Amino acid sequence: MAKCSVCGKSAHFGNQVSHSHRRSNKMWKPNVKKVNVQTEAGNRRIYVCTQCLRSGNVQRAEIKSAAVAD
């Protein structure tokens, strides 16, 4: 199961309660993406939640695209 490498956010567990109040197990997963991040050691590919991406807690690495030869 994926976990955010920046803030440590992971899945939470609880009960899903129906209208008739029957209970079943429920798992809430965070929105975690695998992105290229710039670190001291160079570019790395880590799991980061979208909240950390939007708040600017990580610096995305520049992806070098292949140059098209004419």
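Accessible areas were computed by the Shrake-Rupley method with a 1.4 Å probe, and for residues only the protein chains shown count as cover. The protein exposes about 6200 Å². Carbon and sulfur atoms supply 45% of that area.

The model is predicted: local features need pLDDT of at least 70, side-chain atom pairs count only at pLDDT 80 or more, and totals for chains, interfaces and linings use all residues. Residues are numbered from 1 along each chain as its sequence is written, and side-chain values use heavy atoms, without hydrogens and water.

One helix and four strands make up the elements of the protein (DSSP runs numbered from the N terminus; helices are H or I of at least four residues, strands E of at least two). Their order from the N terminus is β-β-β-β-α. The radius of gyration, taken over C-alpha atoms, is 18 Å, well over the 11 Å that the globule rule gives for 70 residues, so the protein is more spread out than a compact globule. That rule is 2.2 Å times the number of residues to the power 0.38. Along the principal axes, the C-alpha atoms fill a box of roughly 65 × 30 × 20 Å.

Buried residues (under 20% relative accessible area; exposed is over 50%, partly exposed in between; 1.4 Å probe, protein chains only) make up 17% of the 70 residues. Of the contacts (heavy atoms within 4.5 Å) with a separation of 6 or more, 27% come from residues 24 or more positions apart.

Phe13 lies in strand S1, residues 12-17. Its relative accessibility is 62%, so Phe13 counts as exposed.
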